[in-house]
Amino acid sequence: MWCAKRCGATLPIPTSDSGTLPDKVRIPCKSCGAVLEVAPASIRDQVQKGKLVLEMVLKQTPEAAWIQLREILPTLLRLFPSSSYPLHALLNEALHTLISLSHSASTSQKDDESRAAFEFACLDEAARAALLVVASVQAGNGYCFAPGNPFRANVIATAGMVLVDCAHAAERAASPPHEACKPTLGTTSVDEGEDTAEDECKIAICNLKDRNDFQPALREFTTAFRPLAPFRTPSEEYKAKQQYASQCVTVGTQLLQQAHAELLIAFGKRDGGGQVGKAVSQRLHEVLAEVELAAKSMEQLTGATSR
Ligand SMILES: [Zn+2]
């Protein structure tokens, strides 16, 4: 489990040979020196809850599965590294659930704007889940997969694909400022200059909610992972999505390049890294032209803001 002081170190989960867990245990962090008081029973309960959700989501529709996953993920991510069990498996489920949901946008949403926003919301979350899964196979707690391991190579390839898809979805969801409507903020005030990070998150989520006809079950859609940079005006929203799209393309391309190199190790150069290797190579080919374009728009955007 993570050191609760967020120093980046991990601590052993308290266990008991006798089967009875004490109410509180004091664990010193070897990295930052903080002595942390933890309740072993509550940690055990969270792990059990995670295992239960994992069993349930395997039998559910993507909509129902996502509702369960988004409830449990923030708590488990605060407590454990993404390589831990059952968090790694839950993140993997979340990733594939969100990809399925993004594919359902064309049938579940009424108009083009709602479809684009819904698809972007799904892929934005999927990109965050994918990066956490990538982190878990490359920097696991105590062990991780070696470069060229087939599982690791496939995970990185999936993440690269999802990030590139997310970039496309962000571009489709970004309405030019004159067309976008101003966010309806309800009771949240943005003019007092005292917003907390939580308020800012609400602004981003409200904006997405108010402009689009989400299914009621998915209203709190963006709560599992950290949301896109907050924005307060249509032009900020537009700029944020454009910049985000450029960043996703850049990171996605790097992941696809890494995945391709590792797939060649995993499945052989002669076979072009197998089926996935060939698909990744094709995708890279297509996206390299877009990377050039994204870099140019980024340059223009930076030039415009610095003038
Ligand atoms: Zn620490």
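I began with R6 and asked whether it is buried or exposed. R6 is exposed, since 9 other C-beta atoms lie within 10 Å. (Exposed means 12 or fewer other C-beta atoms within 10 Å, buried means 20 or more, and partly exposed lies in between; the C-beta atoms are placed from the backbone.) R6 has a positive phi of about 60°, although it is not a glycine. I found R6 in the segment before β1 (25–28).

A note on what I am looking at: this is a predicted model, where local features need pLDDT of at least 70, side-chain atom pairs count only at pLDDT 80 or more, and totals for chains, interfaces and linings use all residues. Residues are numbered from 1 along each chain as its sequence is written. Helices (H or I, at least four residues) and strands (E, at least two) are DSSP runs, numbered from the N terminus.

Next I looked up α2. Its 18 residues reach 25 Å from first C-alpha to last, close to the 26 Å expected at 1.5 Å a residue. (The expected span is 1.5 Å times one less than the number of residues.) There is a kink of about 30° at L73, shortly before the proline P74. (The bend is the angle between axes fitted to the seven residues ending at a residue and the seven starting there.) The buried residues of α2 include W66, L69 and L73.

Then I went to the loop between α2 (62–79) and α3 (87–103), where P86 is found. A cis peptide bond joins Y85 and P86, with omega about 5°.

Last, I noted that G268, just after α8, takes a positive phi of about 95°.
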